[in-house]
Amino acid sequence: MLTQEIRKSLDKHNILYTTLVELSKTLDLHNCAVWMPNGSRTVMNLTHELKVRSSSNRSFSIPINDPDVSEIKASKGVRILRPDSALGAASSGDSENSGAIAAIRMPMLWVSNFKGGTPELVDTFYAILVLVLPFVNSRTWSYQELEIVEVVADQVAVALSHAAVLEESQLTTEKLAEQNRALQQAAKENAMMASQARNSFQKVMSHGLRRPMHSILGLISIL
């Protein structure tokens, strides 16, 4: 049921928000957040978060070479973050009420240049899903909960990949449609210019022919 809810949409933001909401309900989380790399792949930015907080008490970015970020990206499974983790602290927000923190990578696709229905370039990068337990009775992550996180992360990765392909395909379709409109407009303008040139030529030729005819008629009248 959880994975079905996540894969209902093909919009990236809807997929991620649904993931946060459904995971929070299923696992009774204190918070849940998604981090994504910036365009130059130098930092991880906090892009989606379930818990609403003021911007004054959190960091919005973590260096891409942060030890936890590097460790999570290199691992296929869920990682339990250390208490002093910068990624964990930035994801938990209210540290007094946050408990154990887990994180897992989510492969994502970046596709471009569709030709013949197939993208020419497919690049893979990793987002990071961070899950924060509430600080209640020193609760820790159970094996079953970690399994759920791994399954959900896999399903989210598939859904996001489909969304990326669909988004790029739609952008390509819109670009082609815009090019077709531009070509049609250019053809219309060329046709108008040709019509104007033809009319101007006919006027010149008509005027040029009338002058010799007047001269001939004048000579005939004298004779």
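This report describes the strand pairing, one pocket and the nonpolar cores of a predicted model.

**Strand pairing**

Strands S1 and S2 run antiparallel and are joined by 5 bridges. They form a hairpin in which 5 residues lie between the two strands. Within that turn, Arg41 has a positive phi of about 55°. S2 also pairs with strand S3, again in the antiparallel sense. The table sets out the two pairings, each with one bridge.

| Strand pair | Residue ranges | Bridges | One bridge pair |
|---|---|---|---|
| S1 and S2 | residues 31-37 and residues 43-49 | 5 bridges | Pro37 and Met44 |
| S2 and S3 | residues 43-49 and residues 61-63 | 3 bridges | Val43 and Pro63 |

The loop between S2 and S3 contains Phe60. In sequence, Phe60 and Val43 are 17 residues apart, while their C-alpha atoms are 9.8 Å apart in space. Is Phe60 buried, exposed or partly exposed? Phe60 counts as partly exposed because its relative accessibility is 41%, and that class lies between the limits of 20% and 50%.

**The second largest pocket**

Rolling a probe the size of a water molecule over the atoms reveals where empty space remains. The second largest pocket holds about 180 Å³ of space. Its lining comprises 13 residues, of which Arg82, Pro83, Ser98, Gly99 and Ile101 are the closest to the centre. Helix H4 (86-92) and strand S5 (98-115) each supply at least two lining residues. The most comes from S5, with 4 residues. Sorted by class, the lining has 6 nonpolar, 6 polar and 1 charged residues.

**Nonpolar cores**

In soluble globular proteins, nonpolar side chains tend to be buried together. The largest nonpolar core in this model has 26 residues. Those with the most contacts inside this core are Leu23, Leu29, Val34, Met106, Leu129, Leu131 and Trp141. At least two residues each come from helix H2 (12-27), S1, S5, strand S6 (118-134) and helix H5 (143-222). H5 gives the most to this core, with 6 residues.

Which residues does Leu129 contact, leaving aside its neighbours within four places in sequence? Leu129 is in contact with Leu20, Leu23, Cys32, Ala33, Val34, Ala102, Ala103, Ile104 and Met106. A second core, separate from the largest one, has 16 residues, among them Trp35, Leu87, Ile101 and Ile128. Ile101 thus appears both in this second core and among the residues closest to the centre of the second largest pocket.

How values were computed. Residues numbered from 1 in each chain as written. Predicted model: local features only at pLDDT ≥ 70, side-chain atom pairs only at ≥ 80, totals over all residues. Heavy atoms only, no water. Pairing = 2+ DSSP bridges. 1 Å grid on protein atoms, 1.4 Å probe; cavity = no way out; pocket = protein on both sides within 12 Å on 5 of 7 lines; lining within 4 Å. Points joined across faces, edges and corners; volume = space filled by probe spheres on them. Nonpolar A, V, L, I, M, F, W, Y, C, P; charged D, E, K, R; others polar. Core = buried A, V, L, I, M, F, W, Y, C linked by side-chain atoms within 4.5 Å. Buried < 20%, exposed > 50% of the residue type's maximum accessible area, 1.4 Å probe, protein only. Contact = heavy atoms within 4.5 Å.
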